[in-house]
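Me: Please take a close look at one part of this model. I would like a single connected account.
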Amino acid sequence: MKRIIIIGGGISGLSAGIFARKNGFESVILEKNPGLGGECTGWDRQVYHIDGCIHWLVGTKAGTPIHDLWVTTGALDGVEIFHPESFLAFEHEGVTVHLYRDLDRLRASWLELSPQDKDAIEDFYQTTRKLQSYETPVEKPEDLMTFMQRIRLMISLKDAGTVMQKYGRISLKDYASTFKHPALQATLSSFLPENYSASFLFFALAAFTKGQASIPCGGSRALAMRMVERYLSLGGSIETQCEAVELTIDHKKVHQVICNNGKIFEADYVIAACDAHLLYERLLKGKYPDHDFQKRYSNPEDYPLASQILVALGYEGTFGDLPRSLSFPVTPFNMHQSTISRLTITHYRHEPSFAPEGCTLITCSINQFHKDYDAWDSLARDSEAYNREKERIGKAVLQSIETRFPWMKGKLKILDVATPKTYERYCNACRGAFMSFLPTVRGKMMAHTGRIKGLDNLFLTGQWLQPPGGLPVAVITGKDTIMRICKQEKKPFISS
Ligand SMILES: Cc1cc2nc3c(=O)[nH]c(=O)nc-3n(C[C@H](O)[C@H](O)[C@H](O)COP(=O)(O)OP(=O)(O)OC[C@H]3O[C@@H](n4cnc5c(N)ncnc54)[C@H](O)[C@@H]3O)c2cc1C
């Protein structure tokens, strides 16, 4: 039986491991952390459970190919789905704009707010409705398709292509300016930074409004643990606290993976289900460069990487009918070179087990980009200064929430503050990135096969193969990589 060594036990590594076992390979996952799941995780603090990942998971709609894949890997097998009433509620100068899941309700509420935006709202509605026909392609990666299969794929992506053509090169800022009402403008342009492509907004909302991007009950860590169980039940093995630090390469093949705990693993195939930059620069020592990745790493303007600060708070109380995610203006506070004048908080009322009885978990995410990461990176060289800054930001967030919700005063406590350095430390994530390169108007989409030029048995997999990444890309690419190995071994791929 041929042996596949998988570096990384995130969602892509687990998916690769599950399909490796289904296809008759011996499989060993090497994970640097004590637990698996990678960025899809959660952690416990002061009797609260902090969910560190899923705000929306593409694949929650039963009967669709991506949902079937999640079920096959155990992630959504028999799992209840929570469908939030809205994606986000956005407060602006006394007005609240709701991104409702019910698209007709969304349209009606926007029309009521701004009848003068009738045409723009109708276009927004029609575009989102049309894009609901889009389903994430799951069956096969393009490089394994026949000519006819590619044609069929292109036909099935017709609506998505139309939206990409119309909005792919329009920035969110320019798109938002087609609306007249300042609250609608502010809501739409806040979705991502201003020079990002408007198309992302439509893909996200089309999936959400058809129930395809909701939240699995139990949260991120539980989802990853179900995949671990599925993998183990298929006979896969796992080595934790086992960080791959070197590859033995000879005659265009990786023969061994050497780990920081002294263990050495012989391999017929190696799958790097970890950060791409780590693979090219640290494990391959820059000797097998890849043009597509180099182009992106050297141009952060067009190919930005986003990280975040996550402030988790415990609230001694329960929420009424406050929207699950709410964005509101705050008294500005400084952070590095930027000013924070708005926060978005999410509460976990739907997950009572994340908090002690009568209490609720709240999280607040603040996006961080290139310059922010650099500031955190230099701050982290002085651990006291770094911790002081985390504490200061935690307090600023807490006070901002108390100001917005005076009844919460004295009932909030800071549970944890994670920074871009946290994600870098925990997952070896390049610049603390929580996804791969985000779509901007000038950036080009990339679909990478994961093959490493000059090496026959090493494959990259995971979120870096199909920017902007995310959990669906991780689960799909893990499977796709095993399909490529099956092809190389000239054996049929078993998918179920
Ligand atoms: C805060 C946050 C919120 C997010 N929200 C969402 C969301 O709502 N919806 C969504 O779809 N996606 C979301 N994502 C993105 C999603 O979590 C990732 O795209 C996905 O988990 C990536 O999976 P992966 O397997 O490709 O990589 P990773 O999760 O990065 O897994 C890589 C694994 O490899 C391990 N590793 C690294 N180096 C080594 C080494 N040398 N040796 C051994 N092990 C190693 C790491 O510890 C890690 O476990 C979010 C991410 C974050 C951080």
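Reply: What follows covers one pocket and then the strands beside one part of its lining.

This is a predicted model, so local features need pLDDT of at least 70, side-chain atom pairs count only at pLDDT 80 or more, and totals for chains, interfaces and linings use all residues. Residues are numbered from 1 along each chain as its sequence is written, and side-chain values use heavy atoms, with hydrogens and water left out.

Start with the second largest pocket. A pocket is an open set of points on a 1 Å grid over the protein atoms alone, with protein on both sides within 12 Å along at least five of seven lines. A lining residue has an atom within 4 Å of a point. The space in this pocket comes to about 340 Å³. That volume is the space filled by probe spheres set on the points, and grid points are joined across faces, edges and corners.

The lining has 17 residues. Nearest the centre lie Trp 43, Arg 45, Thr 422, Arg 425 and Tyr 426. By type, the lining holds six nonpolar, five polar and six charged residues. Here Ala, Val, Leu, Ile, Met, Phe, Trp, Tyr, Cys and Pro are nonpolar, Asp, Glu, Lys and Arg are charged, and the others, including Gly, are polar.

Which elements supply at least two lining residues each? They are strand S3 (42-45), helix H14 (383-404), strand S19 (412-418) and helix H15 (420-427). H15 gives the most, with six residues. Helices (H or I, at least four residues) and strands (E, at least two) are DSSP runs, numbered from the N terminus. Domain 1 (3-46 + 55-79 + 216-299 + 445-488) and domain 3 (307-432) each give at least three residues to the lining. Those bounds come from an automatic or database domain assignment.

Now follow S19 to its partner. Six bridges join S19 to S15, and the two run antiparallel. Two strands pair if DSSP finds at least two bridges between them. Leu 310 stands opposite Ala 418 in S19. S15 also has nine bridges to strand S18 (residues 360-368), again antiparallel. There, Gly 314 has Leu 361 as its bridge partner.

Is S15 enclosed or open? Nine of the nine residues of S15 (residues 307-315) are buried, so the strand is largely enclosed by the rest of the structure. Buried means under 20% relative accessible area (1.4 Å probe, protein chains only).

In a regular strand, side chains alternate between the two faces of the sheet. In S15, Ser 307, Ile 309, Val 311, Leu 313 and Tyr 315 point one way. Gln 308, Leu 310, Ala 312 and Gly 314 point the other way. Both sets are buried.

Conventions: 1 Å grid on protein atoms, 1.4 Å probe; cavity = no way out; pocket = protein on both sides within 12 Å on 5 of 7 lines; lining within 4 Å. Buried < 20%, exposed > 50% of the residue type's maximum accessible area, 1.4 Å probe, protein only.
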